[in-house]
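I opened this entry to keep track of what I looked up, going from the overall fold down to single side chains. Pull up the model and follow along with me.

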Amino acid sequence: MMVVARRVDAPADEVRYEFGFEDRFDRLLVIDPQTLDARVEDGDFNAAASAITAKIVSSWRTGGDFPQRMIFAS
């Protein structure tokens, strides 16, 4: 499984990523930069959403900024 995400424009109070399997960016992940709470726009916070969220948040904690792109492969 390879989940890919790319950061997209968002209001200042949100960080948004289009994500999906391979290069199918068919879902939207929204992260609150203050609390790091995450949700998926379609309401289905499944294993793929959880995995890519964990990678994004880990990168933010390490580098201090949300990455432009992220890949999770298992």
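I began with the sheet, bearing in mind that this is a predicted model. The sheet is open and has five strands in the order β4-β3-β2-β1-β5, with antiparallel pairing. I looked for the edges and found β4 (38-40) and β5 (69-73), each of which pairs on one side only. From one strand to the next, the twist averages 25 degrees.

Next I checked how β4 is held. β3 and β4 share three bridges in the antiparallel sense. I picked out L29 there, and its bridge partner in β4 is V40.

Then I turned to the helix. α1 lies across β1, β2, β3, β4 and β5, and runs at about 125 degrees to β5.

Which residues have the most contacts inside the largest nonpolar core? I noted Y17, F19, L29, I31, I52, I56 and F66, in a core of 16 residues. At least two residues of this core come from each of β1 (2-8), β2 (15-21), β3 (27-31) and α1 (47-63). The largest share is that of α1, with five residues.

I followed I56 a little further. Leaving aside neighbours within four places in sequence, I56 is in contact with A5, Y17, L29, I31, F66, P67 and M70. So that I had a polar residue on the same page, I also looked up T53, which lies in helix α1. Is T53 buried or exposed? T53 counts as buried, because its relative accessibility is 9% and the cut-off for buried is under 20%. Not counting residues up to four places away in sequence, T53 touches L29, A38 and F45.

Last, I went through the aromatic rings. I found one aromatic pair by the rule used here. The ring centres of W60 and F66 are 5.8 Å apart and the planes are at 25 degrees, so this pair is stacked; the cut-off for stacking is under 30 degrees. How do the two partners differ in exposure? W60 is partly exposed, with a relative accessible area of 27%, whereas F66 is buried, at 6%.

One more ring caught my eye: F25 has R6 lying over its face, at 3.8 Å from the ring centre.

Terms used
Residues are numbered from 1 along each chain as its sequence is written. This is a predicted model: local features need pLDDT of at least 70, side-chain atom pairs count only at pLDDT 80 or more; totals for chains, interfaces and linings use all residues. Side-chain values use heavy atoms; hydrogens and water are left out. Rings of Phe, Tyr and Trp (its six-membered ring) pair if their centres lie within 6.5 Å; planes under 30 degrees apart count as stacked, over 60 as edge-to-face and the rest as tilted. Buried means under 20% relative accessible area, exposed over 50%, partly exposed in between (1.4 Å probe, protein chains only). A charge sits over a ring if NZ of Lys or CZ of Arg is within 6 Å of the ring centre and within 35 degrees of the ring normal. A nonpolar core is a set of buried Ala, Val, Leu, Ile, Met, Phe, Trp, Tyr and Cys residues joined through side-chain atoms within 4.5 Å. Helices (H or I, at least four residues) and strands (E, at least two) are DSSP runs, numbered from the N terminus. Contact means heavy atoms within 4.5 Å. Two strands pair if DSSP finds at least two bridges between them. Axes are lines fitted to C-alpha atoms, for helices over the stretch in contact, and angles run from 0 to 180 degrees between N-to-C directions.
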